[in-house]
Each structure stands twice: as structure tokens, then as C-alpha cells.
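Subject: Structure for your review

Dear colleague,

Please find below the sequence and structure that I am handing over to you. My notes on what was found follow after it.

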Amino acid sequence: MSEELERILARLTEPDNAVIQQATAELKQAFKDPAIIPALCAVMTGSQNPQVRQSAAVMLRMRVRKHWKKISPDHRESLKAVVLQALQNETEHTVRHSLSQLCAVLVKHETPDRWPALLALLNQSTKSNNPQDRQVGLLLLSKVVGSNPEPFKPHYKQLLQLFGTVLLDLNNPTALYYCILTLTAITAYTGTEEMNLMRSLIPKLLIALKHLIQADQDQASEAMEVFDELMESEVSIVVPHIAEIVRFCLEISADVSLSDSLRVKALSCIAVLIRLKSKAVLKHKLLQPILQVVFPILSAAPPPGEEDPEDEENDTEGDSENPKHFAVQVIDTMALHMPPEKLFNQLLPFTQACLSSENPYERKGGLMCMAVLAEGCADHIRTKMLSSMLQTVCRSLSDNNQVVRSAALFALGQFSEHLQPDVSKFHAELMPLLHGYLSAVNQTKIGHMTKAFYALENFLENLGPEIEPYLPTLMETMLSALNNAENLKLKELAVSAIGAIANAAKEMLVPYFPPIIESLKGFLTDTSEEMRTLQTQALDTLSVLARTVGKEVFSPLAAECVQLGLNLTDAVDDPDLRRCTYSLFSAVSDVSPDCLAPHLPPITTVMLLSLRSTEGVTAHLDEDKQFVLLDDDDADGEEGDSTNQDSVHSLRFSVENAYIDEKEDACDALGEIAFNTGVAFQPFLESSFQQVYELHDFPHEDVRRAAFGAMGQFCRAQHKVWKENPTEANHQALHKLLQVVLPCFLEAVRQDRERQVVMGILESMNAVIKSCQGEALQAPGIVAEISNAIKDVLKKKTVCQDVGGDEADDDEQQAEYDAMLQEFAGEGIPVLASALPAETFYPHLNDLLPLIMSKAKPSCTEADRSFSIGTIGETLHSLVSVAGGRAVAGRLSNRLLPVLVAGVRDSDAEVRNNSVFALGALAQAAGPIVASDYPVMLSLFSNLLSKESDPRVIDNLCAALCRMIMSHIEGVPLEQVFPALVACLPLKEDMEENKTIYSCLTFLYSHNPVLVQAHFHSQNAYLSFLYLFFLETQNTLLVLLRGLAQHHTKEFESAVMSLPDEQRNKMTMAVTQS
């Protein structure tokens, strides 16, 4: 049989399709003979043709992988012996490679200990004096360990000792390569006992990699992945060597003679080290050397006659794997993980040098650098550098070089996204510049236009009511592009911009709604391939419109939108399109939940399929593609494909972004739909929850974050259902959910490695407690566990806060995102305070307060001081409405007063604002208990009022006085305080506090009508009342207004006359009706 088999395999390698098909048919026949195993063994060892030997090894491997149970014990044993013998005799590298892979599959079924001959061969060959034998031994080792790292665990110590020797074999680069691959494979599985051995290998590893780079850059690039593994699974191994590793990576990054892929690996390794160990990078003074290497890379000109990928006309927006792109990412990572003060001191000289250069690519580099700082250092830029940075960007928008103008547009887009609300205040300067770009819409290259739209959209999205004067011109431009543009990309940009405009304009967009909807419907019913991205965008914008133009306007379209979405998911198989239909469904559930309810079965089905799908996930297994045609035909399915049980670590997964986004949006949408549709969603809650719960440890952080968000939404949805229909079954279902979700949240707060995920979890947990109140806190010990998790974040003890290592946290400075994480945790304190009886929460609050108060010190940043005092204020505000709150607030007052009094004198308006609010909340919560502190508070407020210029602080001061009056009227000298209060009305910015003012005025009017009437003689004071009336049409206020109308007819009438028509008529009717 073996000669026949050899003939068939030889014909498979011929360059003739007909011959190959004929041979394949014969091969399938041959596979039905039980003697196929020995026959393949004979060909694998005996054929003269290396291609045929290799094919036989591959066939055997597939046979073993799929049908191990069908192979008789004798055949198994002989196969194990033959393959080891073949390896020792083989001279061709490709065949050795396939033989090693066959061994790897055999080990999967046999385990190393049941194949002592393999261990013996490995031991003998890797230590041989013959370099060729050592290479073969290490190739075999890398394959068998690489695909089964865990069963080899007992041998790790021995392996690491071997690697220590092999890494010194600098003249045998192939041996170095296989050695490093094996080390990479076992890293994730090593335990503490192997740590020291691993650590001692790092210096040898660096030298070995330098030699490997000289010999083979592709192999070196793959071997560099050892650092990714080391950093991701056990960063403490690399910390002692961090300076050497960074210097090694900088050498590679700076060497333009090396391949892009090697330089990219080196730069990304630096970025990961900054992400995981920024404190160590700073402590070893590595920031300056990194910047010295990174800046020339990010500002280098492309080769003559070429452009940077992002400047090419048909840039497909894919992230280009080039050193320049990764150099910018290094700066981005610094901004996200380093304290802004430390970073800017060293970074600004480099940026300024670039911006003032004659070379356009250096100017572009400076702008790209500014752009990526915006996200991580937002507060620092907003408060200290915004106008100078914006001036630079505006200047660059009219640079004579398009490369520079494009970078300026990108920077403006980034600023608009991350530096709100401050950037929007510059609309008068920026809108004409942006509009100048749009007016040239048909003459400009579309690639450049895309960047102009990016900047415009981000800017418009956050403008709010300020968009009004620009709306007519903007909509004329957009609608004209929708109707007339030849270019589909231009239409897509206009559709996207309309979504951004809608976010700002809200109901102001209603007059333009009919023509917009006509266009969108046209795009959504055409299913031709070239319309795909335009359709995706149209769905996205439709979702925005649903949420912004108002229920009355959108509701009539809701049912049609749901049908459109369902038709598209049926007709088109595209993850981006599905993702946008999910967003549309959740927007409709917000506006018109009843429309969605009947369609929940198909909607949840398609979403759960997205969550379950492994589409777009590729496991990188070395499969020889040419034999795929044989792969499944001969499987009888008796054994299932064993590759599915491959340990996840031994496979590298790559997932296409579109599928990641689809899963993320499916989670978000399911959570929102469950909450909005309430009882209609009940039949789907359990299956949805299970599917979402399984994603809580998904490899990609965006999906994890969305899964945690949806789990929180499911709890809130179930709570709402129980509130509306308080049956025992609904109550039990709620507690069953909470018992799974809260522990899962708390575990991830401590263990997840990504700050963004942990922030999402804290936000979700706060929302659950806010909604469910005490119901969420029934489980024994749960309050203590939540408080401890908050404490761990405030003390920086969680995994995502770069714990461990030898860097002491000696200074107050931290990256803004680290501070933001602590803010999310701090927000949980007032949330807990409002959900529990004050005495129950008091011991935990007592532990948490010192951590919050420590951030109010003058040496802390404005953001920290504002957060600290804001949290204290919100917590006191929570105590107002819970049982026992007054006593607890009284007990805390002596500790809190000094901090709040200092805060009122702070140089930062936001800190003053929060301090004033907190003092008012203290007075309201503690009441007469703090009567003795009233004189101090009043004199402090009186001083502040004489010099305060910030309108929001004055608004909050009025509200604080009102809280003091209502809480303990005897403590306030009304003759002096009331006129001062009235003089500050109406409120200018903090309209939320109108309710407080209103409550106080009606309270005073019932106590002392003469006083109120005596001081109401200015038109302004009346106006503030009239505005209150439109906020709260309650009878007490009417009584008050009628009283005033009688006593001060003239002033009252002039105030009424100054109102807009509709309000004026409403007011006159209300006051004259008796």
C-alpha cells in the first residue's frame, strides 16, 4: 500500500488542478483502509522526495488529531517510535518541522509522562555537542511545549536551567529562536517558584535577541513577543530589569535600517511598560531617553515620493503598522499613565521645537503629539494651557502645507472630544475656520475632507444650545451634500455630521426633520454592496435622531424603524450593520418601548447570536492549508474536533474589530432594552443574562466593560418590574440576580487589569444601588465588601492601579485617569449613604472619610480638591433623607467644618462652589445640632459674596443660605440675610437649585409674609419668581404670587410684561383665576 500511497501524495504536489483532484479522490479512498497508519509511517520515513515525506507527516497529524480513538494501540505505539526515529534521521528542515508538529499532537493525547522516549530524546538532543542536534531538539521542544504548556509544568525548572545555557549559544541563532519561543509558551503558566530563574534569564535574553536580530529579523520580531508574555502574565519579572529592557527597545526603535515590524514590536513594548509600570519608568529617569528616540520617529518625513498612510487620498482608516504610528501611541500611553506635570515638563520643549520647525513633517509631529495628549491630560490642558494650544492649532489650520493642516484638524477633533466644556467657549473663533473647509466641500480631496468633518463633528456634538446661530448654514450644507453629492463617501460624512448636529441642537432640528428622514430612508432600503458603509452611518444617525428630536416627533416613525432594522439584519450579513441596528432598537426602546415589545423575540435572538458568535475570532494554529480539502470529509463526528479544547493560552487569538464592536453594542443595547421594556422583556431576561455574564472575562476590555454595564441594567430592570408588580417571584428573581452580579463586580474591581473596565463597573454598581436602594444591600456582609472595594481603590490597592513592585507612592501626583478611577469609587460613598440607615453605614463612612479628606489638602490638584469636597457635600446631602441622618451629620460636623471652611477660601471656583454646597448640606442634614456654627458660616458667606465673581458659586451660595434658613430659621438674622439673598436672584447658571430657592421662599412666606413682601419690589426679583412658577406650578407658590400681585401691582405687572408671550398669558391666567 505504501508505494501506491507515495504515488498519490507525489501527484498532490503537481501544478495541475485536474491531477490534484484525481489524487485527492484516490486519497479519500485510501483513508478508508485501517492500514493507512503504518503505510503513512512507511512513506514518511522511506520516501526519497522530501515533499512527500512532509505530506505523509501532515496526513498523520490530521489523522491523530481527528481520530485518535480509532487508531489501534499497536499502531499508536509504533507511530510514537517511528516519528522519533524519523526526526533523528531527517535532514530537511520543512519535514522536521512537520514531524515536530506531529509529536505535539501525539503529546496532547499521550501526556509527556506516558511517552518517556520523547523526554529522553529531548534531554539528549538539547544537550548534545552537535549544534545541528541541538537545533532539532529545540525545534521539537518548542512545538511539543508550545501546544501543550501545562502538562510540562513539572519540568519547567529543568527547562529554565536549559534555557540559561542555550541563550549563551550565540553562534546558533536558530537554537536561540526556538529556545525563546518555548520560553514564551511557558511564561503564562510559571508559578512563584520559577520567578527567580526567569528573572535571571532577562539579561541573557537581551543579548540573545541582539544576535538574533543580526541573523534573522523576522525570527527576532516573533521572538520579541516574549516580552509581551512576560509583561502580561508576570510583570514583576521584568521590573528589576526595566531600564535595560527600555534601552534595548530604544536601540531597535531608533535603528532605521531594521524592519518596520521589529521597530514596531520594540515601540509597543515600551508603551506596554509605560502602561503597566509608569512609576518605575519615571523613577529610573527613562522619560527623557524615550522622548529623545520617539520624537525623531514621529516627526520623520516619509521616503521620497511617498506619503504617510494617514495622508494618502484613499486612507482606509486602518491603523497602519508603522513605527511612526506606534511612536505617537507611546506619547498617548504616557498621557494616560503619567502625572501631567511630570510629563509636560519634559515633553513641551520637544513639542515646541517641532512646531516652530521649517520642516512640515516636524510641524505635523508636534500637532499629532498635542492631539494625543488631550485624552489623558485633559484637566491639565483645560485649566493651564488651553488657549495657547488652541491658538497653535488655529494657526496650523491655515498652514501652507496640507499635511500640517490635516494634523491640525485631527488635533482640533481630539480637543473637541476631550477638553469639554472649555473648548466650546471658543466657538466664535473656531466655527468660521471649520465652515471655511466645508464651503470648499466639492473642490477638496475627500481624504482631507474626512478630517475636516471629524473635527467639525466632535466640535458640534458638544456645542449644545450655542449651535443655534450656525444651524441654518450647517443644515443647508449637509442637506445639499445628501441630495447632490456624487461621492458616496461625502454623503456618508454628511449623514454622520447630521447626527452630531442633532446631539447639540435637539428639538431645534425638528424643522429639518422631514427632509433628513426622506434621505435616510432612501439609503436604508438600498441593499447594494457599495451602499453598505453609508447605510451603517444612516442607522447610526437615525438612532441619534430618535433620542434627540423629541418623542412626539419620532414616535410615529418608531414601528417603521424597528421593521427597517429587522429587514436589514435579515438581508445583510455584516457586523457593523448589525451593531447599528442594535443601537437603533435601544434608541426606540427609549422613545417608544411599546413599539419594540412585539418584536423582542427576533431582536433578542439576533443579539444573543452576536454575543455567542466566535466569528471574526481567529486562532493562530500552524495548519498546513493545502490539506484543508481533506479535513472534514472523512470525519464521522464520533470524536468532535479536539482543537476546540486547545488551551486558550497556547493559541493566540486575534479578533476583528468589527466583531468586537458588535458584541459591545449588543451588550449595551440588551441592557437598555431590558430596562426600557420592563415586563415585556421578562421572558428573555434569563437567557440574555447568561449570555452576557459569560463575557465578563472576555479578552477584549471594551466587551468586558459593556457586559458589566448590561449586568447592572438587568438588575435595575428586574427591580423596576418588581416595583411595578411586587410578587414574591419577582422579588426572588431580583435577589438571585443581585447575588451573582454584585460579587462578580467586586471581584473584577480588584482583579481586572484595565482602568476603563473598573470605572465602568463602579459606575454600573453605583447605578444598581441608586435604583435598588436597600434591596441591593440585603446580602450578609455586602455593605462591608462594597465599602472595602471603594477603600482599596482609594488606597490604590487594585490590580489596575499598578500595585506591587518596589516603587513607593511617595508623591501626590498621579495620572488623570488614575484620579478619575478614584472619583468613580468615591461616588459610591454618597450612593451608599442614601441607601442605608445612617447608623448602619456610619462605621464604614468613618473608615472612608479620612481617605476622601486627605485629597482636600492645599498641595493636592484642583481636580482632587474638588472631588474630595464634592464627595463630602453629596454624602451630607444623602444624610438629609435617611433615618438617623441628622445625628450622624451632627457627629461628623466637627471633623468636616474646618475642611469645608478652607474650601470656601480656595483659589479654584469649582472647589469654592462644592464647599459652599457642602456647608449648606451640612446645615440641612444636622439642623439645630450645628446652630453654634451658624455665625461662622454666615460671616464666611457674607465675605465671599462681597468678592465672588463666579455666577455658579453665587447660585450655590443662595441655595446654601436657603438650606440654613429652612433647617434652623432661628439661627439666621433674616432682616440682614433675606435682602442679600433676593439681590442675587434670579439664579444664573445652576438651575437645579431653583427648587431649593422655591421651597425656601414658600416656607418663609408661610412664616413671615410681611418680610417677603417688603423685599419684593424689583422687577428682577419678580422675574426669578415667575421662572420658578414655570418650574413648579404648585399651589403654595400661586398663593404667594397672588399675594405679591396685590401688594405690588405695578412691579408685578412690569415683570409679567417682560416674559415671552406664551408664558405671559399662562401667568396672567393663573394669577387672576380665583
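**Overall picture**

Of the 1074 residues in the protein, 56% are buried. Please note that this is a predicted model. Its secondary structure comes to 53 helices and two strands. Among contacts between residues at least 6 apart in sequence, 75% join residues at least 24 apart. The protein exposes about 45,000 Å², and carbon and sulfur atoms supply 52% of that area.

**Two helices and their neighbours**

Helix α13 spans residues 225-234. Its buried residues are Glu 225, Val 226, Phe 227, Leu 230 and Met 231. These buried residues pack against five helices: α10, α11 (195-215), α12 (217-223), α14 (242-254) and α15 (260-283).

One of these neighbours, α10, covers residues 173-187 and holds Thr 182. With a relative accessibility of 0%, Thr 182 counts as buried. Leaving aside residues up to four places away in sequence, Thr 182 touches Leu 138, Leu 141, Ser 142, Val 145 and Phe 163.

Further along the chain, helix α40 (residues 828-835) is mostly covered, as seven of its eight residues are buried. The buried ones are Gly 828, Ile 829, Pro 830, Val 831, Leu 832, Ala 833 and Ala 835. They pack against α37 (755-772), α38 (782-794), α39 (816-826), α41 (838-853) and α42 (862-879).

**Aromatic rings**

The structure holds ten aromatic pairs. In one of them, the rings of Phe 689 and Phe 714 have their centres 6.3 Å apart and their planes at 65°. The angle is over the 60 degrees required, so the pair is edge-to-face. Phe 689 belongs to helix α34 (residues 682-693) and Phe 714 to helix α35 (residues 701-724), so the pair ties together parts that are 25 residues apart in sequence. Both Phe 689 and Phe 714 are buried. The two also belong to a cluster, in which ring pairs link Phe 681, Phe 684, Phe 689, Tyr 693 and Phe 714.

Two rings have a charged residue over the face. Lys 720 lies over Phe 675, at 4.3 Å from the ring centre. Arg 891 lies over Tyr 842, at 4.5 Å from the ring centre.

**Cysteines**

How many disulfides does a search of the whole structure find? The search finds zero. A disulfide is a covalent bond between the sulfur atoms of two cysteines. For Cys 1000, the closest cysteine sulfur is that of Cys 962, at 3.6 Å. A disulfide needs the two sulfur atoms within 2.5 Å, so the sulfur of Cys 962 is too far from that of Cys 1000 for a bond.

Is Cys 1000 buried or exposed? Its relative accessibility is 0%, so Cys 1000 counts as buried. Cys 744 also counts as buried, at 9% relative accessibility.

Cys 715 is placed in helix α35, the helix that also holds Phe 714. Cys 715 is buried, with a relative accessible area of 0%. Not counting residues up to four places away in sequence, Cys 715 touches Leu 734, Leu 737, Leu 738, Val 741, Val 768 and Cys 772. Cys 715 and Gly 671 are 44 residues apart along the chain, and their C-alpha atoms are separated by 9.3 Å.

**An annotated repeat**

The UniProt record, an unreviewed entry, carries the annotation "repeat: HEAT" for residues 896-934. Over residues 896-934 the chain is 72% helix and 0% strand, and the end C-alpha atoms of the stretch are 14 Å apart.

Helix α44 covers residues 909-926 and includes Asn 913. At 10% relative accessibility, Asn 913 counts as buried. Which residues does Asn 913 touch, not counting residues up to four places away in sequence? They are Arg 952, Val 953 and Asn 956.

With kind regards

Key
Residues are numbered from 1 along each chain as its sequence is written. This is a predicted model: local features need pLDDT of at least 70, side-chain atom pairs count only at pLDDT 80 or more; totals for chains, interfaces and linings use all residues. Side-chain values use heavy atoms; hydrogens and water are left out. Rings of Phe, Tyr and Trp (its six-membered ring) pair if their centres lie within 6.5 Å; planes under 30 degrees apart count as stacked, over 60 as edge-to-face and the rest as tilted. Helices (H or I, at least four residues) and strands (E, at least two) are DSSP runs, numbered from the N terminus. Buried means under 20% relative accessible area, exposed over 50%, partly exposed in between (1.4 Å probe, protein chains only). A charge sits over a ring if NZ of Lys or CZ of Arg is within 6 Å of the ring centre and within 35 degrees of the ring normal. UniProt positions are given in the numbering used here, feature names are shortened, and annotations may be inferred rather than shown by experiment. Contact means heavy atoms within 4.5 Å. Accessible areas come from the Shrake-Rupley method with a 1.4 Å probe; for residues, only the protein chains shown count as cover.
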